[in-house]
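Reader: Could you take me through one part of this model, the surroundings of the ligand, and set out carefully what lies there?

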Amino acid sequence: MSADAKPNRPEPKPGILSIAAYVPGRNEAPGVARVHKLSSNETPLGPSPRVAAALAEASGKLALYPDGEARKLREAIAAAHGLNAANILASNGSDELLGLLCQTYLKPGDEAIYTEHGFLVYRIQILAAGATPVVAPERNETADVDAILARVTARTKLVFIANPNNPTGTYLPVQELRRLQAGLPPQVLLVIDAAYAEYVRRNDYEAGIELVSSSQNVVMTRTFSKIHGLAGLRIGWMYAPSHVIDAVNRVRGPFNVNALAIAAGAEAIADRAHVEKAIAHNEHWLAWLSTELTKLGLRVTPSVGNFVLVHFNAEDPAHGAEAADTFLCGRGFILRRVAGYGLPNALRLTVGSEEANRGVVAALAEFLGR
Ligand SMILES: *Cc1c(COP(=O)(O)O)cnc(C)c1O
């Protein structure tokens, strides 16, 4: 078959076959009895204990379609954050929202910007919408507002920024986000992905609520997969101006959030004490892990999330990221390789239980011969 001959079968539209499919964090360490999954930024504390009863009740009505507006969930989110429920749209995980925003705002020829070590779902969804991904370089593994603004063209429709970012754990202070929004043309939509917002303990951080409320071209996406411990149920939400809610509502599936997710999410977000417990656990162990790993001679990117990016020696493959990953896996500690994020010499480690945190540091000390 010559190079330009088309196969005689259905073909995906342009862009689809340029997508490198998302590779989730591994969840198995074959042959190891006790496994600590520290590869997907899930919480070691699990969901609120109030979730179980809500799930039991909802599971008695599975023959019925869920509320297509997920009203109970949206009202619980609105109450927890002091927002207007009309400006909240719920979704099947926040990943779904990232795709819906691309489908709603991007067409072939359009451009969408994300940052060098930004979350890979952005690239996938931009390509799936037939648009062109544009990558803005970062500085010190942190998004660079000037670099983003320098890449805006007349074709730019969306800018994605994860704040804090995964897998680096770094963040932009609120004045930098404001400067980004102020520098964008009003027809460019800024998507602030604040999946880890609850974990951030910094006075100069703001998840995005203020920016969404005070402009027409900013949305904030959030998730129940991280601090709320409900990754398995797939619940996300967006706080957005009414015109964005209206547009995305036309595109989304009519029952995109399932009945169990609506019931569980509403309980989880109302349990402030459980969230506080998770924040306190993370604050303690994030600092502990960062200190202990640094003491082992490993560079750790300063993180405000529930994970740390750990850098290994690129010149010494025997003590590099791949070798470390294999060694740790053999001891039941599953970390996340991040070569796909342009970080081939690093591994991402989720803050786990005390046992997991102490265990992974001890195993790394052994690996490094300390
Ligand atoms: C984990 C994560 C999400 C959450 O995705 P869900 O689909 O809600 O599970 C979104 N953005 C980033 C940057 C993440 O790391």
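Author: On a 1 Å grid over the protein atoms alone, a pocket is an open set of points with protein on both sides within 12 Å along at least five of seven lines, and a molecule sits in a pocket if more than half of its atoms lie within 2 Å of its grid points. By that reckoning, the largest pocket is the space that the ligand takes up. This is a predicted model, in which local features need pLDDT of at least 70, side-chain atom pairs count only at pLDDT 80 or more, and totals for chains, interfaces and linings use all residues. Residues are numbered from 1 along each chain as its sequence is written, and side-chain values use heavy atoms, with hydrogens and water left out.

Around the ligand stand Gly93, Ser94, Asp95, Phe119, Asn166, Asp193, Ala195, Tyr196, Thr223, Ser225, Lys226 and Arg234, each with a heavy atom within 4 Å of it. This shell comprises three nonpolar, five polar and four charged residues, where Ala, Val, Leu, Ile, Met, Phe, Trp, Tyr, Cys and Pro count as nonpolar, Asp, Glu, Lys and Arg as charged, and the others, Gly among them, as polar.

Among the polar contacts (pairs of N or O atoms within 3.5 Å), a polar side-chain atom of asparagine 166 lies 2.7 Å from a ligand oxygen, while side-chain N or O atoms of tyrosine 196 and of serine 225 each come to 2.6 Å from an oxygen atom of the ligand. Of the 380 Å² of accessible area that the ligand has on its own, the protein covers 94%, by the Shrake-Rupley method with a 1.4 Å probe.

Technical notes:
Polar contact = N/O pair within 3.5 Å; in protein donor to acceptor, adjacent residues only side chain to side chain. 1 Å grid on protein atoms, 1.4 Å probe; cavity = no way out; pocket = protein on both sides within 12 Å on 5 of 7 lines; lining within 4 Å.
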